[in-house]
Amino acid sequence: MNSIIAGNVLRFLGLVIIQGLVFKNIGVGWEEFPYLHIIVFPIFIILLPLRTPRALIILLGFAIGITVDFFYNSLGVHASAAVFTAFLRPFLLRIMEPRGGYNVNYSPTAARMGLGWFLRYASIMLFLHLFFYFSVEAFTFVYIVDILLKTIVSFVVSMIFIIIYQLLFNPLD
Amino acid sequence: MFNLLQLLLKLSSFFVFIVLEIICFSLIVKYNQQQSDVYVNTVNHFTGVVQEKSAATYQYFQLYDENIRLARENSQLLERLANAGINVQSETDTAYTDSLEAQYTFIEAKVIKNSVNQNHNYLVLNKGKKDGITEHSGVVTERGVVGIVRKVSDNFAVAMSILHRQTRINARIRGKVFFGPLQWKGTDTRLFNLEDIPKHAPVIKGDTIETSGYSTIFPEGIMLGTIEKLSLDPGSNFFNIEVRSSLDMSTIQHVYIVRNLLRSEQEQLEQAVQKEDE
């Protein structure tokens, strides 16, 4: 139990640092191609334990989002997307519930749920997160084509990094 | 009560979501230049529409006062038209002064009673002797002639409408010298007869008919209508001309009463000549 909390705290800090110090510069530094933003921190929300109360998931989403915002100097933009993703998580989990149901003591990881299930779940979560994020970043649907283009390009690259994260750590919970 | 609490508990995550999103969006608008620009522009767009609508509504309530103000202004402007004055220029050897002195004044009035469906139609106007109205003054609007004042009390004036069988307006064809009396046909409120136009006159359908200025009642050049039908009876020397009036008498509300300041002078002179002849 304590190890689960400790693991999630470490994941929180590690993701914020790598997102805010490494991936931020990759995305922002590319002036010729402004469509690529590598965003991996939603994996924190994706991997939270299954028995986490809904309200707590949303609060934690807000916490990591606003922390990333401090690095990006875009107060509220990442936070609103993270809150949105955290809000959708329980609904998505209910839709994707396997035949036997969930073991509430587990987390929705590849080790527990299988790689195929995890990739489907993580990619839907990430895609929704990115779409919401780029919509808020533009703050208008006038540039819907730009928003979709950014979402798709960033989704493909970010997903690769999430798979790498999965291969590197293969977290149990 | 318990059910309500259960429902609230069930919805608690939704409330948390809504509250946090509101916080996020207020932060975004407050601290991010680009997004706040979009926000301000969008809000201005919608409040602009609302403000426009409310201003339009407010103006609508002001229309009555505005009408009265415009009618007054119109009467002042009409007085300054060239044909509302007589030319008192003196053509001497050296000096040529082109000065106009007022011959007509226009007093705005409101129609408080009107009829169009009788053989003898009358209008009642809300201006009378107190306002300087005299009998046999002309009544016009900016679109055409309305009638002639018949009787005046202190506060009211009764005018015989142009839709009166005995009203004759001295009319001419614009741009041509031919003139004759215009009289209502007695049926359609827009149809009039123009008489005394000789058959050699170059009139065509669609010509404009206006007041001739030969009477002392109306200044010249006030619109009356256009020629609708033109025919010539065999053996007659005059055209039968049907004129469609420019003014719909059933809708008039504001009119101007014309006062010819030089009428008595002109009439006295004419009468003196007639007396000499007798």
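**Exercise 1. In this predicted model, work out how helix α4 of chain A and α1(B) run relative to each other.**

Start with the two pieces: helix α4 of chain A covers residues 77-95, and its partner is α1(B). Two packed helices are described by the angle between their axes and the distance between the axes. Here the axes come within 8 Å and cross at roughly 165 degrees. Angles over 145 degrees count as roughly antiparallel, so α4(A) is roughly antiparallel to α1(B). To finish the picture, add the handedness: α4(A) passes α1(B) in a left-handed crossing.

**Exercise 2. Find which residues meet where α4(A) and α1(B) touch, and sort them by character.**

Take the chain A side of the pair. From α4(A) come V77(A), A79(A), S80(A), V83(A) and F87(A). Now go across to α1(B), where they meet F17(B), L20(B), E21(B), C24(B), F25(B) and I28(B). Sort the residues of this contact and you get nine nonpolar, one polar and one charged.

**Exercise 3. Zoom out to the contact between the two chains and say what chain B brings to it.**

Count each side: chain B puts in 15 residues and chain A puts in 16. On the chain B side, α1 (2-31) and α2 (33-61) each supply at least two residues. Which helix gives the most? That's α1(B), with eleven residues. By character, the side of chain B that touches chain A splits into ten nonpolar residues, four polar ones and one charged.

**Exercise 4. Move to strand β5 of chain B and decide whether its faces are covered or open.**

The strand spans residues 138-141. Check one side: G138(B) and V140(B) are buried. Check the other: V139(B) and T141(B) are buried too. Both faces of β5(B) are therefore covered, given that a residue counts as buried with 20 or more other C-beta atoms within 10 Å of its own.

**Exercise 5. Name the strands that pair with β5(B), and locate V140(B) between them.**

One partner is β6(B), residues 144-152, which pairs with β5(B) in the antiparallel sense over four bridges. A hairpin links these two strands through two residues. Another partner is β14(B), residues 254-260, also antiparallel to β5(B), over three bridges. Now place V140(B): its bridge partner in β6(B) is V145(B), while in β14(B) it stands opposite Y256(B).

**Exercise 6. Sum up chain B as a whole.**

List the elements: chain B has four helices and 14 strands. Then look at burial: of its 278 residues, 28% count as buried. Last, take the contacts between residues at least 6 apart in sequence: 54% of them join residues at least 24 apart.

Technical notes:
Residues are numbered from 1 along each chain as its sequence is written. Chains are lettered from A and ligands numbered from 1 in the order in which they are written. This is a predicted model: local features need pLDDT of at least 70, side-chain atom pairs count only at pLDDT 80 or more; totals for chains, interfaces and linings use all residues. A residue is buried if 20 or more other C-beta atoms lie within 10 Å of its own, exposed if 12 or fewer, and partly exposed in between; C-beta atoms are placed from the backbone. Two residues are in contact if their C-beta atoms, placed from the backbone, lie within 7 Å. Ala, Val, Leu, Ile, Met, Phe, Trp, Tyr, Cys and Pro count as nonpolar, Asp, Glu, Lys and Arg as charged, and the others, Gly among them, as polar. Two strands pair if DSSP finds at least two bridges between them. Axes are lines fitted to C-alpha atoms, for helices over the stretch in contact, and angles run from 0 to 180 degrees between N-to-C directions. Angles under 35 degrees count as roughly parallel, over 145 as roughly antiparallel, 65 to 115 as roughly perpendicular and the rest as oblique. A crossing is left-handed if the near helix is turned anticlockwise from the far one by less than a right angle, and right-handed if clockwise.
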